[in-house]
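Subject: A structure for you to look at

Hi there,

Here is the structure I promised to pass on to you. Please open it alongside this email, and I will walk you through what I found.

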Amino acid sequence: MQLFFSPTQLDHDPKKEISDGKLVDAVEVPKRAEMIFDALMKLPQIEHKPQQDFGRDPIAQVHDRAYIDFLAAFGALWAEAGRSGEGFPFVWPGRDFRTDRVPNHLDGKLGHYSFDAGTPLTDKTFGAAYASAQSALNGASALLHGDQASFALCRPPGHHAGKDYYGGYCFFNNAAIAAQYLRDQGAQRVSIFDVDYHHGNGTQSIFYDRADVQFLSVHADPMDEYPYFLGHADEKGVGQGHGHNFNYPLPLGTTADALMAAIGAGLAEINSYAPDYLVISLGVDFFEGDPISQFKLTYADMPAIGTLLKTANVPTLFVMEGGYAVDDLGRNVATLIDGFLAG
Ligand code: OKP
Ligand code: ZN
């Protein structure tokens, strides 16, 4: 199994985030990727090779050009405004405000292109998020070349990012970019299964009106957990996309049995859709020790999740999403992948 990761992804190195009403130490930190990389490299089946640069075009198949350009320009705009440190938005269009004009002022632009105040933006964010998306594209390309499975160690993560907004530590939607690339290279149908503690709102929104990409997500009930405003079971897709979106919200405190049952239900839908490829947005923030999450899966539960995901029996790309218990992160991911490979 090929592992894709670029050290440029470590350049996004925020010190603080806004959480619980104050500036606290950031949890989405470079060390996360280092821990996962080191643990995966210890698996004998993993190989890591230099990766290709696919350019901005495949990113622009998912994200608006103006949004990509804003992220690329942010560092210069922030410095020009005489500001230092991380950027945070603080004003957003309310329900009946206008969104058809992009404000000139940087604070207006930040609100226009985001949906939360919890996601620090730095002058290095664009480069790291671009490199993260490239890892996903390399992982997709490996499947197109015949690999049965590949692992894109994406970080910053992607599943909360929509076509023209960032949030939830996510800037480019790596899983969506990979799925779109698979379609553009000839795949008829692609499934994206989001197995992260949080709902993949960005991925859902990107494909909500489409029949060619099926989206499924298991996650903490948005009534009680971030991102709060999307991820309910009655969101089924619209137009051509109706019947191709599946949400499995679960209560806080969920343990392995209930999470695995929901994953099993998702796998049954994937099986009847019969995709050419499966993209798994994988976050191990369902771990009991995760500092921002409230599911109760243990280290011992991880291999069975990997083994269960293998039963999809479709060429599979793993795209890394969340997981913030930094010291346990590497071994949690590696043992889940080991379970997948053994399955
Ligand atoms: C990103 B991914 C808790 C603040 C939570 C947002 C969480 C984003 C999770 N006080 N901030 O899905 O793992
Ligand atoms: Zn998450």
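One term to begin with: donors are N, O and S atoms within 2.8 Å of the metal. Please also keep in mind that this is a predicted model.

**The zinc site**

In sequence, the donor residues of the zinc ion (ligand 2) follow the spacing D-x1-H-x86-D. His198 sits in the loop between β6 (190–195) and α7 (201–207), while Asp285 sits in the loop between β9 (277–282) and α9 (302–310), so this pair ties together parts that are 87 residues apart in sequence.

Which protein atoms serve as donors to the zinc ion (ligand 2)? Asp196 is listed with OD twice, His198 with ND1 and Asp285 with OD, at 2.0 to 2.8 Å from the ion. Around the zinc ion (ligand 2) there are six donor atoms, and the angles they subtend run from 51 to 157°, which makes the arrangement irregular. For comparison, ideal angles at a metal are 90 or 180 degrees for six octahedral donors.

Are His198 and Asp285 buried or exposed? His198 is buried, with a relative accessible area of 6%. Asp285 is buried too, and its relative accessible area is 0%. The cut-off for calling a residue buried is under 20%.

**The chain as a whole**

Now step back from the metal. The protein chain has ten helices and ten strands. Its radius of gyration is 19 Å, close to the 20 Å that the globule rule gives for 343 residues, so the chain is as compact as a globular protein of that length. If you draw a box along the principal axes, the C-alpha atoms of the protein chain fill roughly 55 × 45 × 40 Å.

Of the 343 residues, 58% are buried. The protein chain exposes about 13,600 Å², and carbon and sulfur atoms supply 51% of that area. Contacts across the sequence are worth a look as well: among those between residues at least 6 apart, 77% join residues at least 24 apart.

**The sheet**

Try finding the open sheet of eight strands next. Its order is β4-β1-β5-β10-β9-β6-β7-β8, and the pairing is parallel. Which strands form its edges? They are β4 (47–48) and β8 (245–250), each of which pairs on one side only.

You can walk along part of the sheet from the β4 end:

- Strand β1 (residues 2–4) pairs with β4 in the parallel sense over two bridges, and Leu3 has His48 in β4 as its bridge partner.
- β1 and β5 run parallel and are joined by three bridges; here Phe4 stands opposite Ala152 in β5.
- β5 and strand β10 (residues 316–320) pair in the parallel sense over four bridges, and the partner of Ala152 in β10 is Val319.

Strand β5 (residues 149–152) is a nice place to see side chains alternate: Ala149 and Phe151 point one way, Ser150 and Ala152 the other way, and all are buried.

Further along, six bridges join β6 to β7, which run parallel. One of the pairs is Ile192 with Phe215 in β7. Strand β7 (residues 213–220) is mostly covered, with eight of its eight residues buried.

**Three residues to click on**

Thr125 lies in helix α5 (residues 125–144). It counts as buried at 1% relative accessibility. Leaving aside neighbours within four places in sequence, Thr125 is in contact with His12, Pro120 and Phe171.

Gly330 belongs to helix α10 (residues 326–342). This glycine is buried, with a relative accessible area of 4%. Not counting residues up to four places away in sequence, Gly330 touches Met35, Ile36 and Ala39. From Gly330 to Val195 the gap is 135 residues in sequence and 17 Å in space, C-alpha to C-alpha.

Ala233 is in the loop between β7 and β8, and at 38% relative accessibility it counts as partly exposed. Apart from neighbours within four places in sequence, Ala233 is in contact with Asn247 and Pro249. Measuring tools in your viewer should let you check one more pair: Ala233 and Lys42 are 191 residues apart in sequence and 39 Å apart in space, C-alpha to C-alpha.

Enjoy exploring!

Best wishes

Notes:
Residues are numbered from 1 along each chain as its sequence is written. Chains are lettered from A and ligands numbered from 1 in the order in which they are written. This is a predicted model: local features need pLDDT of at least 70, side-chain atom pairs count only at pLDDT 80 or more; totals for chains, interfaces and linings use all residues. Side-chain values use heavy atoms; hydrogens and water are left out. Donors are N, O and S atoms within 2.8 Å of the metal (3.2 Å for Na, K and Ca); water is not among the atoms, so sites may look incomplete. Four donors count as tetrahedral if all angles lie between 85 and 135 degrees; four count as square planar and six as octahedral if opposite donors are over 155 degrees apart and all others between 65 and 115; anything else is irregular. Buried means under 20% relative accessible area, exposed over 50%, partly exposed in between (1.4 Å probe, protein chains only). The radius of gyration is taken over C-alpha atoms; the globule rule is 2.2 Å times the number of residues to the power 0.38. Contact means heavy atoms within 4.5 Å. Accessible areas come from the Shrake-Rupley method with a 1.4 Å probe; for residues, only the protein chains shown count as cover. Two strands pair if DSSP finds at least two bridges between them.
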